[in-house]
Amino acid sequence: MAASAKSFLADAGYGEQELDANSALMELDKGLRSGKLGEQCEAVVRFPRLFQKYPFPILINSAFLKLADVFRVGNNFLRLCVLKVTQQSEKHLEKILNVDEFVKRVFSVIHSNDPVARAITLRMLGSMASIIPERKNAHHSIRQSLDSHDNVEVEAAIFAAANFSAQSKDFAAGICNKISEMIQGLATPVDLKLKLIPILQHMHHDASLASSSRQLLQQLVTSYPSTKMVIVTLHTFTLLAASSLVDIPKQIQLLLQYLKNDPRKAVKRLAIQDLKLLANKTPHTWSRENIQALCESALHTPYDSLKLGMLSVLSTLSGTIAIKQYFSSAPGTAATTARSFDLVKLAQECCYHNNRGIAAHGVRILTNISASCQEKDLLPLEQDAVFGLEALLVLCSQDDSPGAQATLKITLTCMVKLVKCRPHLSQSVVESLLTQLHSAQDAARILMCHCLAAIAMQLPVLADGMLGDLMDLYKLIGRSATDKKQELLVSLATVIFVSSQKALSSEVKTVIKQQLENASNGWTAYRIARQASRMGNHDMARELYQSLLTQVASEHFYFWLNSLKEFSHAEQCLTGLQEDNYSSALSCIAEALKSYHKGIASLTAASTPLNPLSFQCGFVKLRIDLLQAFSQLICTCNSLKTSPPPAIATTIAMTSGNDLQRCGRISNQMKHSMEEFRNLATRYGDLYQSSFDADSATLRNVELQQQSCLLISHAIEALILDPESTSFQEYSSNGTAHVESEYERRMMSVFNRVLEEVESLNRKYAPVSYLHTACLCNAVIALLKVPLSFQRYFFQKLQSTSIKLALSPSPRNPAEPIAVQNNQQLALKVEGVVQHGSKPGLFRKIQSVCLNVSSVLQSKSGQDYKIPIDNMTNEMEQRVEPHNDYFSTQFLLNFVILGTHNITVESSVIDSNGIVWKTGPKTTIFVKSLEDPYSQQVRLQQQQGQPPSQQQQQRTAYSRF
C-alpha cells in the first residue's frame, strides 16, 4: 500500500543539495587514499551508486582507473571489493576510455606469489571479458591457471574461461581441447569436472565447434552415468543447442528419451525443466511427434510432481504456434476427432485432478485450444473448459493460501481469455463469478472483482439486474480497516462503476460513501475516485475528491485533488446536453470551460520541477481548446439563422467563380472551424507521440480524441465546403476494430452514426441548409454526451524512461558561446544515457535513438558575403542504437557565416515496432563563428589598397593545413 502511494506527485528529494560529478569523485578519492582500511572499503563500495548517478565516460574512466590502482596496491579484501564493484557495474565497463592502462594495472597482480590474489585477478579479468575479449596475455594466464594445484585459483580460472569463451571465438576454439582433456582425464576430480562441463555451453561460435562440443557431451552422457554428471551434462547440452539453434529438434528428442526411459526422478525433473526452456524459446521446432510423446509420458506417469512439470510444458506449448501444428498435421482433422487427441484426453483427465496445479494446467490447455483453433467446431471442448474453470474457481476461492491464490490467478486469466475469443460463453462465466463472490475469501474476492471488471470492459455483460448483488456485497464487506478489506472496497467499486454504464443512481452513491466513511482511509477513497474518473462516473468522483481536499498534508497534493475535482465537475456539466437544444448546449459548454480553467490553474500549481505533470497539462489544455472549438462551431451553425446569406449572394458567387459565396459569411467561418479541428487533431497526434511511457488504454483514449476532431473536420468539409469530392471510404472501416473498453465502444458507435448521417445528407441536399447545421450540432452534442475517461497515465506512471544528453565541446557557462573559425568545421560529440524507472520496457522498449542537430544564425557580425545556400544552415539526423543504455555519435558542422549560431540537439526514440516517439530532451549550445586570421589580414590589405605579398599568396594553398 505504502509503495503504491508513491504517486505522480511524490516530490521527495525536491530541493536537496547534491554534489556535482567531480566533487562526488573527489570525495570518494579522499576515502581511497585514507590510511584506514574501513574507510577505503566504504569508498570502494560507494562507486556503483556514483556510476548510476553520473553514467558518462569521463567520470567512469577516471573512477575505474582509481579502482585499478587500489586493486594493484591494496590487500586481498580491497581487491575483492573492487571485483564486486566491477561485477555490479558491468554495463559501464565499455565506457572506460583508457582500457590498456586499466588492464595493465589490474593484470600486474597476476604475477603475485599469493594464489588468492591471482584468483581474484582471474575473476576480475573474467568480469572484464566483454571489453578485452581478444587479449592474448589474459588468455594465456587463464590456460596456465587451469593447471594450478590451488583449488581456489583453478575455480577462478574456470569462471574466467567461461566468460572469455562467451565473448571470444578464438579463445573458445583454443580452450575447447584443453577443457575436453581435463574432463576426460583420470587425474581430474569429479567435482572439478562438474564445474568444467558448463564451459562447453559457450562453444556455439561456429558449426564445427558446436558439433565437436556436442560429440564430447554425447560421450560424457554415456561414459559417466552418475546422476550429477548426467544432470550437468544434459543441461549444458540444452543450453548449447539453444544458442547454436541447429540442433534443437535433436535435443528435444534426447530429453524426451531420458524423460521416458531413465528411472531417476532427478534426471526426469531436469529433462522437464530443459523442455520448458526450449518450449519458451523455440516452440516452432516442436513436431507433432514430440508433443505426442510428452502427452504419453504424462498419461502414464504415476508421480504427480512429474505430471505437473510435463503439463506445465504442454500448457506453455498450447499458447503458441505448436498447438496449431499439432492439430493441423494430424491425419483426419474432422471436428469429430478433436476429442480423440491424446492432448485433449490428458487435459480433460487433469481438469478435475486433486492437485490444484495439475488441474490449472489442464484447464489452461483446454482454454488455449479453444482460443487458438477457432476454425474448428470445438463446442464440447469449450464446455469442458468452462466446467473445469468453474470447479477450480469454487475450490480456490475458499482457500487463502498462496498456492490457491496462484492457481486462482491462472483460472481467472483463462476465463478472461476464453470470454474474449468466445463471447457466447460470457454469461455463464459471469454468473458463476457473481455466485461465488458471496462465499469467497477476501483475497480471492479481490482477484474475482478484477476478473469481472476485465470481462465487463470488453463485453457489456454486467446487466443492471446484477447491480443489486454487488451492492449487497458492498454493504457486507464489514467495518474493519485491514489492507485486504480496503483493496476489496476499491475492486468492488470498480466493478460497480463498470456495470452501471449510465449515471450512478443516488442510492448506489450513498452506499459507497457510507462504506468509505465507515471503513476506509483517504488513500482508498482516492483510488475509488480515480476509478470513477476512468469509468466516466464524474459526479461520484467530484464528491470524493471534494471530501479528500482537507485530508492531505502537502499543498501540491491539495492543488492536484482540487484540479481533479474541477475537471470532474466540468465533465459533469456536459452530461446535461440534449440533442436539438443548442442554446442549453452552449451554456453547458461555457460552464464546463469555467471549471476547466479553474482546474488547469490548480494543476499548474500542483506541478513541481521533478514532476512537471506535462502529459496532464497537455491533455487538459487540448480538452479546453476542443470544447472551445465545439462551442464556436455551434455558434457558427446558429449564425445561419442570425445572419442568413444576402439576396445578392448568388450573383456574387457567379461573378467570383466561388460557389461557396452563395452561402454567405458562414462559408468562411466554417473554413476557419475546419482548420481549427485539423490543428487540434495534429496537436493530439503530438501529445500521442510524446507519451512513450503511457499504457495502451491511455494512448487509445488520445487517439479517439484525435479521431473525433478529424470526424468533425471531415463532416464540415463533406456537408458544407466540398461535398462533391469528399470520400467516405477511408472513414468507414473504423468500426470493425476490436474494442477494448466501454468508452471506446460508445465513441465508435457515435462515430459510425455521425458518418452515416453525414453521408445520407451529403447525397440528398445541396449546402447549406438548416439540416446541415443541425447535423453538425447534433454530432458535437453526441460526442460530448459520451463521458470522458481519464485513463491510468493521467494518474499513474507505471513505466518511466528518460534520456540524458551530454555535448562536447561544451562551454563552462551555458550562455557563453564556443569560438570556432569560419574556415574550420566543428566536431560535435553527442553522448547519451537512457534512464529507466523500476519497470523498464513494461509497455514498449527503445530500439534506437534518433538525434537531430540543427543550427540557426542568431546574429551576424561583419559584412555580408554571397555564400552558397548549403553553407548557411546545418540540418543533420543520425540514428544510434543504445548499448547497455549508452550511446554516442558525432556530427561535423559548418559555420561559414560569421556571427553567433544557435545549435539545437533534439532526441527522439524509435521503439521495437519502428514507431517514432518525440520524448526529448532538447539541448541548446551557442557557437561564435570568427573570421580566420589570414582572411582577416587579406581583407584589411584589400581595403587599404595593398596587393597581398607573394609569400602570403603562396600560403593560401596550404592555409587549411
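User: In what order do the three strands of the open sheet lie?
Analyst: In this predicted model, three strands make up an open sheet whose pairing is antiparallel. Its edge strands are β1 (801–808) and β6 (886–894), each of which pairs on one side only. The order of the strands is β1-β3-β6.

User: By what angle are neighbouring strands of this sheet turned against each other on average?
Analyst: The sheet in question is the open one with the order β1-β3-β6. With direction ignored, the average turn between its neighbouring strands is 25°.

User: How many bridges join strand β3 to β6, and what is the bridge partner of V830 in β6?
Analyst: Strand β3 covers residues 825–836 and runs antiparallel to β6. The two strands are joined by nine bridges. One of the residues with a bridge partner in β6 is V830, and that partner is T889.

User: Which strand pairs with β9 in the parallel sense, and which in the antiparallel sense?
Analyst: Strand β9 spans residues 922–930 and shares four bridges with a strand at residues 818–821 in the parallel sense. Eight bridges link β9 in the antiparallel sense to a strand at residues 899–911. The parallel partner is β2, and the antiparallel partner is β7.

User: Which residues of β9 are the bridge partners of I818 and E906?
Analyst: The pairing of β2 with β9 is parallel, and I818 has the bridge partner V927 in β9. The pairing of β7 with β9 is antiparallel. In β9, the bridge partner of E906 is K922.

User: Which element gives the most residues to the lining of the second largest pocket?
Analyst: This pocket holds about 530 Å³ of space. Among its 19 lining residues, the closest to the centre are F56, I58, L59, A806 and E831. At least two lining residues come from each of α1 (21–32), α4 (57–73), β1 and β3. The element that gives the most, with five residues, is β1.

User: How do the lining residues of the second largest pocket divide into nonpolar, polar and charged?
Analyst: The division covers the 19 residues that line the second largest pocket. They split into 11 nonpolar, three polar and five charged.

User: How many cavities of 30 Å³ or more does a search of the whole structure find, and what is the volume of the largest cavity?
Analyst: The search of the whole structure finds two cavities of 30 Å³ or more. The second largest cavity has a volume of about 30 Å³. For the largest cavity the volume is about 60 Å³.

User: Which helix gives the most to the lining of the largest cavity?
Analyst: The lining includes R623, L626, F630, Q705 and Y743. By class, it has eight nonpolar, two polar and one charged residues. Four helices supply at least two residues each: α32 (614–642), α35 (696–721), α36 (742–764) and α37 (770–785). The most, three residues, comes from α32.

User: Which element gives the largest share of the lining of the second largest cavity?
Analyst: The second largest cavity is lined by F615, F619, T698, N701, V702, F790, Q791 and F794. Two or more of these residues come from each of α32 and α35. The lining divides into five nonpolar, three polar and no charged residues. The largest share, three residues, comes from α35.

User: Is A697 buried or partly exposed, and what C-alpha separation does A697 have from Q791?
Analyst: A697 lies in helix α35. Because its relative accessibility is 33%, A697 counts as partly exposed. A697 and Q791 are 94 residues apart along the chain, and their C-alpha atoms are separated by 6.8 Å.

User: Why does F71 count as buried, and how far apart in space are F71 and T121?
Analyst: F71 is part of helix α4. F71 counts as buried because its relative accessibility is 0%, and buried means under 20%. F71 and T121 are 50 residues apart in sequence, while their C-alpha to C-alpha distance is 8.8 Å.

User: What arc around the axis do the buried residues L467, L470, M471, L473 and Y474 of helix α25 cover?
Analyst: Helix α25 spans residues 467–476, and these five of its residues are buried. They lie on the same side of α25 because the arc they cover around the axis is only 160°.

Methods
Residues numbered from 1 in each chain as written. Predicted model: local features only at pLDDT ≥ 70, side-chain atom pairs only at ≥ 80, totals over all residues. Heavy atoms only, no water. Pairing = 2+ DSSP bridges. Axes fitted to C-alpha atoms, helices over the stretch in contact; angles between N-to-C directions. 1 Å grid on protein atoms, 1.4 Å probe; cavity = no way out; pocket = protein on both sides within 12 Å on 5 of 7 lines; lining within 4 Å. Points joined across faces, edges and corners; volume = space filled by probe spheres on them. Nonpolar A, V, L, I, M, F, W, Y, C, P; charged D, E, K, R; others polar. Buried < 20%, exposed > 50% of the residue type's maximum accessible area, 1.4 Å probe, protein only. Arc of directions from axis to C-beta.
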